[in-house]
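Work through the exercises below with the sequence and the structure side by side, and try each task before you read its solution.

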Amino acid sequence: MAVETSPADANFFSRQINMGDDEKSSAPAGASSNIGSEAQVGSIITFYDGAVYAKLVNNNRIPLVGYGVGNLKHDLVKGMVASALQDNKKIMLIDTAHASKNEHLVAEGIVKGVEKLNRTKKTEVHVVTKVWYTHLGYERTKISIRESLESLRPALDHDKVNLRLHVLLHWPRCYSSIPWTECEREEQDLPEETRAAGPDPSLDPDNAWKQSWRALEDMYLSDQYPIASIGLSNFHLKEIEQVESFAQIHPHVIQMNLWSLLYDAHLIEYCHQHRIHVQAYNVVHGTVSNVERAPRAFRHLEKVAADLSKEVGEPLTAVQVVLSWLIQHGISVIPRTSNVVRLEENSAVALLNVPAFNDHQVDTVAHAVEAYLSGDDLDEIHVSVTFHAVSKDIMLYWMGHAGDESSEVRITLLRQGETFNETTYPTHKFRAYDAQNKDVWIEHEINANYGEHVHLEL
C-alpha cells in the first residue's frame, strides 16, 4: 500500500519517488523511475492495466492522462475516443461537458474502442463531465446530470465497459465580463422544463452553486447514480473554502488552468491539505502551441527534451516535456487534439516512457512555462561551436538564414592551428574556405541540440 506524505512536506516543484510494493506489479516497465507512489497536491499514484492513476480521497481512482474533447468537432469525437482507448495509447479518461453536447458521441466512441480491444473482461473507462452555469441550482443540476447519464447510457449499459463517471460544476456562475458568455441569451434558450425546475442562477449567484453542490452530494451518495467522484472547475479559493461551511463532502477533484496552478499558491496548498486531486487544462494551448510568445523558453524545453531523449533512446517533444512535468508531480492532464499522431505522442503510454526529470530539468520547465504565461522570455540558449583550423588557413563563413551562398556572412580568418568559438543554433550551416583558394571548401551543418558543445576540425 502506498504511504501518504505529510502535507507540510510537499510543494508543487518537488517529487518523492517511493513506489509502494502493491503498485510495482502492475506498473509498466521502468515506470517506477519516473512516477512515484507519493505525489503532490494530495494525490497518491497507483498503476492499473499499464496506465497511471491518482488515488482520490474517497479511494476511487482517476487516470493521470486524459483526452479533452469538449471543443472537438462532432464528426471526429467517436473515432478519436475509440483510438484513445487502444493499447498503444491507454488514454482511459475522456474529458467533456454537458454544454459540449457531445456526450452521446463520447459514449459511442467508448463502445467502439472497447469492442475493438476485444477483451474478455470489462474495460475500465473514466469520463469527466461538467454542469454548465445555466444549470446551477439544486433541481437544474439534477436535470443536467440525468441528461448526461442518458447520453452516456450506451457505454454505461455495455457488458464490456466499466464506466466511471466524475461530475464537476463547470463554473461557479456566469461571468458577464468574459467576452464569450451571453448570460441572458443562454438563460432564454434553455428548454422550458429546465427553466421551470428552478430560478435563474444569475438572480442569486452566491448561492446557486451551493445548491448545485448539494445536488451533486445527494446523487453521489445515492446508489441510483454511478458517480465515482464530484468536484469543481474554474472556482476561486474563496469559493472552495466556503464548501467547508455547508457541505457533507469535500470536492474530490478540481480542474484549473495552468495559470492558477503556477500562481495561486494558496489554492494549491489548500488542495494538498484536503487531498483534492488537481487536473490541469489548457496546458498545451497556453504554452508551447504558441512558440513565438516565448521562443527562447521553447528552446530551453527542446534542450530538456533532447537530454531526456538520450536516456529513453527515442525523440521526445517539448509538449511531452511539459505534460510529463505535470504528471510526474501527480497532476492530471487532458490535452486536446484532432490529430491521431499527436494523440499517440501525448498518450499515457508515451508519457509514462519519459524518464524522471532531475531537479535542474524540473526548474527549467517551470521557468519556461512561466515565461509563456507571463510573456517575459528566458535568457537565450545556443549551441556552442569550436572551429579548429588544423592543417591550413581557413576563411570561415556562416551561410545565413537562407543556408546558401546568397546569404553567406564572413565570420573570421583562422590561421593554421588557431581556434575560434562561436554560438549558433541547430541546423545552421558554416562553410570553411581554403584561405588561398575559395573554390576549395567544406560545408558543416550543426547537428547538435541546444546547450551542447561541438568541436569541428577544419
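**Exercise 1.** Which residues does E187 touch, not counting residues up to four places away in sequence?

*Solution.* The model is a predicted one, and we begin by placing the residue, which lies in helix α6, covering residues 183-188. Leaving out the residues up to four places away in sequence, we find that E187 touches T134, R140, R195, D200 and P201. One of these partners, R140, deserves a second look, since the side chain of E187 makes a polar contact with the side chain of R140 at 2.8 Å. As a last step we ask how covered the residue is: E187 has a relative accessible area of 6%, and because buried means under 20%, E187 counts as buried.

**Exercise 2.** Decide whether C174 is buried, partly exposed or exposed, and describe its surroundings.

*Solution.* First locate C174, which is found in the loop between β7 (161-169) and α6. Its relative accessibility is 21%, and because partly exposed covers the range between under 20% and over 50%, C174 counts as partly exposed. Next come the contacts: not counting residues up to four places away in sequence, C174 touches Y133, T181 and C183. Finally, compare sequence with space, where C174 and E184 are 10 residues apart along the chain and 9.5 Å apart from C-alpha to C-alpha.

**Exercise 3.** Place A305 in its helix, and then find what it touches outside its own stretch of sequence.

*Solution.* A305 is found in helix α12, which runs over residues 295-312. With a relative accessible area of 3%, A305 is buried. Its contacts, not counting residues up to four places away in sequence, are with L316, T317, A318 and V321. Two of these names return when we turn to helix α13 (residues 318-327), for A318 and V321 are among the buried residues of α13. That helix is mostly covered, with 9 of its 10 residues buried. A separate distance completes the picture: the C-alpha atoms of A305 and V354, which are 49 residues apart along the chain, are separated by 9.2 Å.

**Exercise 4.** Name the buried residues of helix α11 and the elements that they pack against.

*Solution.* Within helix α11 (residues 265-273), the buried residues are L267, I268, Y270, C271 and H272. To interpret such a list, recall that an α-helix has 3.6 residues a turn, so residues three or four places apart point the same way. The buried residues of α11 pack against two helices and two strands, namely α9 (237-246), α10 (258-263), β9 (253-257) and β10 (277-281). Just after the helix, R275 takes a positive phi of about 50°.

**Exercise 5.** Step back to the whole protein: how many helices and strands are there, and where is confidence under 50?

*Solution.* The protein has 16 helices and 18 strands, and buried residues make up 55% of its 458 residues. Among contacts between residues at least 6 apart in sequence, 73% join residues at least 24 apart. For confidence, start from the mean pLDDT of 88, with 91% of the residues reaching 70 or more. Then look at the stretches where pLDDT stays under 50, which include residues 1-33 and residues 36-42. The model has 68 contacts beyond four places in sequence for residues 1-33, and 39 such contacts for residues 36-42.

Key
Residues are numbered from 1 along each chain as its sequence is written. This is a predicted model: local features need pLDDT of at least 70, side-chain atom pairs count only at pLDDT 80 or more; totals for chains, interfaces and linings use all residues. Side-chain values use heavy atoms; hydrogens and water are left out. Helices (H or I, at least four residues) and strands (E, at least two) are DSSP runs, numbered from the N terminus. Buried means under 20% relative accessible area, exposed over 50%, partly exposed in between (1.4 Å probe, protein chains only). A polar contact is a pair of N or O atoms within 3.5 Å; within protein, one must be able to donate a hydrogen and the other to accept it, and residues adjacent in sequence count only if both atoms are side-chain atoms. Contact means heavy atoms within 4.5 Å. pLDDT is the predictor's confidence in each residue, from 0 to 100.
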